[in-house]
Every structure is written in C-alpha cells, then in structure tokens.
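I opened a new notebook page for this structure. These entries record what I looked up, in the order I looked.

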Amino acid sequence: MPADGTSRRSFLQGGAAVLGGAALALGGRAVVDAATADPADAAAPDDAAGRATVAFRGERQPGVTTRPQAFAAFVALDLVDGFDRDALVRLMRIWTDDAERLMAGTPGLADQEKELAAVPARLTVTFGYGPRVFEAAGLADRAPGWLRPLPAFGVDRLEDAWTGGDLVLQVCADDEVTVSHAVRLLVKDARTFTTVRWVQRGFRHAPGTTPSGTTMRNLMGQVDGTRNPDVGVEPALVWSSDDAGPAHAGSTSMVVRRIAMNLDTWDELDRDGREKAVGRRLDTGAPLTGTREHDEPDLDAKGPNGLTVIGPFAHIRRARSENTAERFLRRGYNYDDAPAPGRLSNSGLVFTTFQRDVDAQFVPIQRRLDELDLLNEWTTPIGSAVFYVPGGARSGEYVGQRLLEA
Amino acid sequence: MNTQHTPARTSAVRRSAAAVAALGLVATLAACGADADAATGGDEAASLSIADTWVKATDEGMTAAFGVVTNDSDEDVTIVSATTDASPTAELHTMTMGDDGSMTMVEKDGGFVVPSGGTLAFEPGGDHIMIMGVTEPILPGDDVEVTLTLDDGSTLDFAAAGRTYTGANETYGEDDTEHAGHDMGDMDMSTDGATDAGDDH
C-alpha cells in the first residue's frame, strides 16, 4: 500500500515540522520568561490553577474578600420541619468538615466521587443563614435587625424561584467541575436537614485569560465593579468587629439579587447611548469625564450643550451616595441560561454583595437606583435574598459555633 | 425552637469528640490519650492510628462504620473485634463473591490484619465494621464511639461521624440467614432491591 505509506510518512514529517516549530516557539518563550520573569513563575506547573487552595479556617469565612473565582454556584436551602438547634449544630459540623476537606483538595468524608475532589482550584464554601435559622435554633434575639427580605422596590419583578431561602451555600472555584462536585456533596450532606429551594450558577472570565486585577465585565459588555471598596483598607464596610460582641465578630451579610438583562432590547441601543446610560466608556470603563478606569468621575462637568456629561439618570451617578458609609462589596457573577421557548436570551447577573449592615449600606443605594437609573430600562430584579454570614471557623470550631455558643 | 434537646449519647460523644480535632479529621491514639480506656492490655494499639472515621446514619437496625487504620510499627497487628456505644453488637465484616458473582458480606474469621507499615481501609463495598441492633437513631452529624480490640487485648478507640449515605447496601451471604434480607442503614431496600455494592465495576 504505497499510497498509505506515503501519506503516513508525509503526515509524520509534517508532524515533526509542527513539533519542531512548537519546540522552537517554546524555547523562544522560555528565553523571554527567563529574562523577564521570576524563575519560579516559569517553573509553575501547567495545572497550577487547579492546585491552588484558599485557607478555610479563620475569624472570617472565605469567599467574601477572596479574589473572585471564575465560577460560582449559589444554593438556597429550606429547613425541614423539626429543624432545631441540635440539627443546626450537627449540620454545621458536617458542612464544616467537608468544606475544609474539599477546599484542601481532598475528598469529603463520605465522598462517593473522591477523584473529583482532587482539583481544589481555589475552592471556597461560604455559609449563610436566613431568618428561619435564627428562629429554629432559638436565637431570634441574636438575629440582626436587617435580616429580613429587602423592602419591595418598584423595579422588582421577583419570582419565587429565585427568592428567599433559609440557608445559603456560596461555592466558588476556578473550575466548574470542582464547583459541581462540591455542591453535590454539600447538598447531599444536608438532605435530611433541608430541601433545595433554588440554585443559581454564574461565571466570570476563566483563570489565566485576563490580567489579574482586571475588573469583570457583565454580559451587557460593561466593566462592572470598578468602584468596589478595598475591604483590606475599610474592613468595617463588610465585617463586624469585636464591638459587635463575640457572637457576631467576623460576620457579614450577603445579598443575592438575580438581575435579568434584556439583551435583546439592549441591542437596540447604540454605543453612545449605552455609555450614557452607565456614565462610563465601554472600552476602558473610564468615566465619561475621564480617560482611565479608576479616574474619579466629575459629576459636575458639563458638555458643550450645558448638560452634565454624566447625566442625572446615569447609573454611576445614581449608585453613588453622598454618604460614604453607603457602600458595599460587590461579588457578582454572570449567568447565561437557556432561553424560554421563542426567546433569544436568558442572561443577567447574580448580583451578590457583602456588607456589614444591609439596611445602612445596601438599601439606601438600592432605593436611589429604584427611583432613577437609566439601566432599569434593560435590567429587572427577578430574585432577592438576604443572609447572615456567620464568622469563620477557627481551629477546632464549626462554622457558626460562636453565634450559637458565644 | 427547642434549645434543650440533646440526646444523651450525643452530649457524651461531643465531650470526648472535642479532643478529636472537633471533626475527626484524624483520630490517633495520641489524640485520644485523654480517654481513660484508650489503650489497655498490650501495646499494639499504640502503633495504630485511624483517620476519616464515619458511620452511616440510621434510625434503627444495622449500619456500618468506616475509616482507614494505619500501622506505623514493624509488626503486623490483628484487629479481632469491635464494640460501639451505638448498639449492643458490632462485628468485623468483609465482602465475598458468591457463586452468582454477586458480592455479599460475611463475618471475617480471625479478624483483620493491619500490615506493618501499611493501612487497612474500612469502606463501603469492602471491609467494614458492622453495627447491629441500633435502637437509638444515629443521626447525621452525631458521633458514635467505636472500639477496636487487637489480638494482644489493647484497644483503639475512635469517634465515627454520622453521615447520611445511600450506598453501603451490602447483602448478607445465604448462610447467614439470621440477617438475610436486611441492609445496612435505613435506606429503601424494599423498593430499591438488593443492591450489591461493587458488583459490576
């Protein structure tokens, strides 16, 4: 079969040439890396993103100020009848144990898919309590005043399918298989304690695809999250301190709002209109009065027509309060689910925020946006939930132990 | 709203379990050293440790406990029996293949050898610590105390953490008619049929 032999040989020769080219390219790259980068970086294994871990134990739970991972799942659970303080303790002991194991890249205790635990990929598991946990555990007197559904807003079109919940799991990792496995194990752990109320999955750019520190983009194409506070500098925006008492030290709150984006009507808006709606440029994320993303917007600057460059209706003007206490940490994720029959898209944002006090920080801003925000034309809140995030598990503790026992 | 309800066994277990790094990640004899009866008789137990210990939660009847035993000594060590505070009866079981190729569990004659410098895994579908006659529920998240006795009379105590688990539905061999038709744990064998763990992999 000479024909076969020829083609096989030419394939091999071609392959060798390609391989040679690749080797050359790699060699060239290695020289560049050696000249410009830390040798340790050049030696990083190609599965470094999968091996990376986040510490589980500490005064505060992980997954809040952790640099956002690429993928997230939010799972709201409802308590079964008869759930009491003893049940909460038992559930949190189980969840603490398995979360710690999984975040370290090891299987859960009764894990039936052990191999799926081998890629921690910066996995974090964050636990939150709705009001009913406090009631069921006999802790109603310890529940913060803000732990209740957000006030009704005019823009809301809330659906039961994405609203409320007695417990929440926020599971984030730089690998979606890792997220899936962790959610599966943790929900199985809880099956005699809870039922699943809703699950929301979200994503950002995958690890290694954008320079670190890049602000995420939402599916409307906007740079989203430029104004996030530096919680390291201003911890009180997010974390309760010792002043809150030992039960609450290291705690925070989580708001999960599902914001549907009508990308099909957004398509009808040209680029100039899109930028005016937000008050930022689409390419750089810079305010319309600046040139770089983190330039401070000049809300008083006027254009040639005498009108403010950043309009009265612009999102960044409306989202900003004179009161600097009215800020919070955004940690949202895009969603892009299957559209309903006859529709083109079903996209939006799992808008997740952390703040020390929902009423003092989140609600005032949401009221401003409810009153006026041009983006409301294309965005609709369809889900809403508020959770208390207890302090982290220090050595020997389960998550939430100090809330129960302090 | 019930803040008082704490089963007697639970509270007793919680106290002792606190020493086990709260969560039983690794229970070694050293960690359990505060327990008065951690090691009695000979000293073989001093060379053993056990990690990842758990028990399949159940309301009543039979269940099983699991974990990985490590032998750090230069001598093989034999585990000859098991007891637990969760039930009057515990046995050491292994899996055996029947004539039809299905796996059934039988009591392990002579106990289990933990090889020198090696490990013995008690796991669903394999060797396990069978717990029979449970009358007080073993709840997920509670611990039960298990004691393994070695051939020199020394003992290895550990807390096994209750976990909801729908596997580990091993069936008994036909010679063990006393237990035939029962499964480990509280799962729905009546509707599920006899699941032979590890039968076709």
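**Entry 1: the second largest pocket**

I began with the residues around the second largest pocket. Its lining has 39 residues, and those nearest the centre are His315(A), Ala319(A), Arg330(A), Phe351(A) and Leu369(A). I noted that the model is a predicted one. The volume of this pocket came out at about 870 Å³.

Next I asked which elements supply at least two residues each to this lining. I found strand 5 (252-261), helix 9 (315-318), strand 8, helix 10 (358-371) and strand 9 (379-389), which belong to chain A. By residue class, I wrote down 16 nonpolar, 13 polar and 10 charged.

**Entry 2: helix 10 of chain A**

Helix 10 of chain A was on that list, and I followed it up. I counted 14 residues in helix 10 of chain A. From first C-alpha to last, this helix reaches 18 Å, close to the 20 Å expected at 1.5 Å a residue.

Then I looked at burial. In helix 10 of chain A, the buried residues are Val358(A), Gln361(A), Phe362(A), Val363(A), Pro364(A), Ile365(A), Gln366(A) and Leu369(A). Leu369(A) had already turned up among the residues nearest the centre of the second largest pocket. What covers these buried residues? I found that the cover includes strand 5, helix 9, strand 8 and strand 9 of chain A.

I also checked the N-terminal end of the helix. Asp357(A) caps it, with a side-chain oxygen 2.9 Å from the backbone nitrogen of Asp359(A).

**Entry 3: the largest pocket**

I turned to the largest pocket. Its volume is about 1,100 Å³. I counted 44 lining residues, and the closest to the centre are Arg67(A), Pro68(A), Arg122(A), Gly213(A) and Thr214(A). Helix 3 (48-51), strand 6 (329-330) and strand 8 (347-355) of chain A are the elements that give two or more residues to this lining. Strand 8 of chain A also appears in my list for the second largest pocket. The lining of the largest pocket splits into 17 nonpolar, 17 polar and 10 charged residues.

**Entry 4: Arg122(A)**

I picked Arg122(A) from the centre of the largest pocket. Arg122(A) sits in the loop between helix 4 and strand 2 (124-129) of chain A. Is Arg122(A) buried or exposed? Its relative accessibility is 9%, so Arg122(A) counts as buried.

I listed what it touches, leaving out residues up to four places away in sequence. The contacts are Ala52(A), Thr53(A), Val54(A), Thr66(A), Arg67(A), Pro68(A), Gln69(A), Cys172(A), Ala173(A) and Asp174(A). With Arg67(A) there is a polar contact: the backbone oxygen of Arg67(A) lies 3.0 Å from a polar atom of the Arg122(A) side chain.

**Entry 5: helix 4 of chain A**

The loop of Arg122(A) led me back to helix 4 of chain A. This helix, residues 85-103, has 19 residues. I noted a reach of 26 Å from first C-alpha to last, close to the expected 27 Å. Of the 19 residues, 18 are buried, so helix 4 of chain A is largely enclosed by the rest of the structure.

At its start, a side-chain oxygen of Asp84(A) comes within 3.2 Å of the backbone nitrogen of Asp86(A). Just after the helix, I found Gly105(A) with a positive phi of about 85 degrees.

**Entry 6: cavities**

I searched the whole structure for cavities of 30 Å³ or more and found 6. The largest has a volume of about 70 Å³. Residues of both chains line the largest cavity: Asp98(A), Ala110(A), Leu185(A), Lys188(A), Asp189(A), Arg191(A), Arg163(B), Thr164(B) and Tyr165(B). Helix 6 (residues 176-189) of chain A gives the most to this lining, with 3 residues. I sorted the lining into 3 nonpolar, 1 polar and 5 charged residues.

**Entry 7: Ser240(A)**

I located Ser240(A) in the loop between strand 4 (194-203) and strand 5 of chain A. Ser240(A) counts as buried because its relative accessibility is 14%. Leaving out residues up to four places away in sequence, Ser240(A) touches His248(A), Ala249(A), Gly250(A), Ser251(A) and Arg356(A). I also compared Ser240(A) with Gly391(A): they are 151 residues apart in sequence and 8.7 Å apart in space, C-alpha to C-alpha.

**Entry 8: chain B**

I closed with chain B. It has 2 helices and 12 strands. Of its 201 residues, 52% are buried. Among contacts in chain B between residues at least 6 apart in sequence, 68% join residues at least 24 apart.

Terms used. Residues are numbered from 1 along each chain as its sequence is written. Chains are lettered from A and ligands numbered from 1 in the order in which they are written. This is a predicted model: local features need pLDDT of at least 70, side-chain atom pairs count only at pLDDT 80 or more; totals for chains, interfaces and linings use all residues. Side-chain values use heavy atoms; hydrogens and water are left out. On a 1 Å grid over the protein atoms alone, a cavity is a set of points where a 1.4 Å probe fits but cannot get out, and a pocket is an open set with protein on both sides within 12 Å along at least five of seven lines; lining residues have an atom within 4 Å of a point. Grid points are joined across faces, edges and corners, and a volume is the space filled by probe spheres set on the points. Helices (H or I, at least four residues) and strands (E, at least two) are DSSP runs, numbered from the N terminus. Ala, Val, Leu, Ile, Met, Phe, Trp, Tyr, Cys and Pro count as nonpolar, Asp, Glu, Lys and Arg as charged, and the others, Gly among them, as polar. The expected span of a helix is 1.5 Å times one less than its number of residues. Buried means under 20% relative accessible area, exposed over 50%, partly exposed in between (1.4 Å probe, protein chains only). Contact means heavy atoms within 4.5 Å. A polar contact is a pair of N or O atoms within 3.5 Å; within protein, one must be able to donate a hydrogen and the other to accept it, and residues adjacent in sequence count only if both atoms are side-chain atoms.
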